[in-house]
Amino acid sequence: QVQLVESGGGLVQSGGSLRLSCAASGRTFRNYAMGWFRQAPGKEREFVASISWTGSNTAYSDSVKGRFIISRDNAKNTVYLQMNSLKPEDTAVYYCAVRYYLGEDVDRIRRSTQYDYWGQGTQVTASS
């Protein structure tokens, strides 16, 4: 069992930045790929970014590429999502998720059904 706790959400003006954190506990963090997803009201949960267990490879949705950066610190069992140039359409509940995955091609794990454990989510609101 893996427990995930997100933090860092909040209200920010359009164009601003936020940094989300997701702390993992319960199992060895190193062998897990991590992902960030988001869900806006009335919409399906969508992929945002993923990172391999080594941290060497990342993948992003087209809507956030160039603005968001995913990273991880295996010593701290934590994954981060740096969000820059936020737009009102980025407003959503953001979730982190993990999947046992030793591969480096994290482009292959963009579906929410491919992840095994989820955090409770943190609200991000970018006002116009």
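Me: What radius of gyration does the chain have, and what would a compact globule of 128 residues have?
Reply: The model is predicted. For 128 residues, a compact globule would come out near 14 Å. The value for the chain agrees with that, so the chain fits the globule rule: 13 Å.

Me: Along the principal axes, what box do the C-alpha atoms fill?
Reply: The box is taken along the principal axes of the chain. The C-alpha atoms fill roughly 40 × 25 × 25 Å.

Me: How many helices and strands does the secondary structure come to?
Reply: Read along the sequence, the pattern is β-β-β-β-β-β-β-β-β-β-β. The totals are zero helices and eleven strands.

Me: Of the contacts with a separation of 6 or more, what share comes from residues 24 or more positions apart?
Reply: Burial first: buried residues make up 45% of the 128 residues. Now the contacts with a separation of 6 or more. Residues 24 or more positions apart account for 61%.

Me: Which members of the largest nonpolar core touch the most other members?
Reply: This core has 29 residues. Strands β3, β4, β5, β7, β8, β9 and β11 each supply at least two of them. A second, separate core has nine residues, including A33 and F47. In the largest core, the residues with the most such contacts are L4, W36, L81, M83 and Y94.

Me: Beyond four places in sequence, which residues does L4 touch?
Reply: L4 is one of the residues that touch the most other members of the largest core. Neighbours up to four places away are not counted here. The list for L4 is C22, A23, A24, M34, C96, A97, V98, Y117, W118, G119 and Q120.

Me: Which cysteines does the disulfide join?
Reply: A search of the whole structure finds one disulfide. Its S to S distance is 1.9 Å, and the link is right-handed, with 50 degrees about the S-S bond. One partner is in strand β3 and the other in strand β9, 74 residues apart. Both are buried, and they are C22 and C96.

Me: Which of Y32 and Y100 is buried, and which is partly exposed?
Reply: Y32 and Y100 form an edge-to-face pair, 5.7 Å centre to centre, with 80 degrees between the planes. Y32 is in strand β4 and Y100 in strand β9, 68 residues apart. Y100 has a relative accessible area of 46%, so Y100 is partly exposed. At 6%, the buried residue is Y32.

Me: What is the centre-to-centre distance of F37 and Y115?
Reply: F37 lies in strand β4, and Y115 in the loop between β9 and β10, 78 residues apart. Both are buried. The pair is edge-to-face, with 80 degrees between the planes and a centre-to-centre distance of 5.2 Å.

Me: Which residues do ring pairs link into a cluster?
Reply: The count comes to six aromatic pairs. F37 and Y115 form one of them. The linked residues are F37, F47, Y95, Y115 and W118.

Me: The charged end of which residue sits over the ring of W118?
Reply: W118 is in the aromatic cluster. A charge also sits over the ring of Y80: that of R19, 4.0 Å from the ring centre. Over W118, 4.8 Å from the ring centre, sits the charged end of R45.

Me: Is S61 buried or exposed?
Reply: S61 is in the loop between β6 and β7. Beyond four places in sequence, its contacts are F47, V48 and R110. The relative accessible area is 10%; because the cut-off for burial is under 20%, S61 is buried.

Me: How far apart are the C-alpha atoms of G16 and L86?
Reply: G16 is in the loop between β2 and β3. At 17% relative accessibility, G16 counts as buried. Beyond four places in sequence, G16 touches M83, N84, S85 and L86. G16 and L86 are 70 residues apart along the chain, and their C-alpha atoms are separated by 5.5 Å.

Me: What C-alpha to C-alpha distance separates V5 and E46?
Reply: V5 lies in strand β1. Leaving aside neighbours within four places, V5 is in contact with S21, C22, A23 and Q120. V5 and E46 are 41 residues apart in sequence, and their distance in space is 19 Å.

Definitions and conventions
Residues numbered from 1 in each chain as written. Predicted model: local features only at pLDDT ≥ 70, side-chain atom pairs only at ≥ 80, totals over all residues. Heavy atoms only, no water. Core = buried A, V, L, I, M, F, W, Y, C linked by side-chain atoms within 4.5 Å. Buried < 20%, exposed > 50% of the residue type's maximum accessible area, 1.4 Å probe, protein only. Helix = DSSP H or I, 4+ residues; strand = E, 2+ residues; numbered from the N terminus. Contact = heavy atoms within 4.5 Å. Phe/Tyr/Trp six-rings, centres within 6.5 Å; stacked < 30°, edge-to-face > 60°. Lys NZ or Arg CZ within 6 Å of the ring centre and 35° of its normal. Disulfide = S-S within 2.5 Å. Rg over C-alpha atoms; globule rule 2.2 N^0.38 Å.
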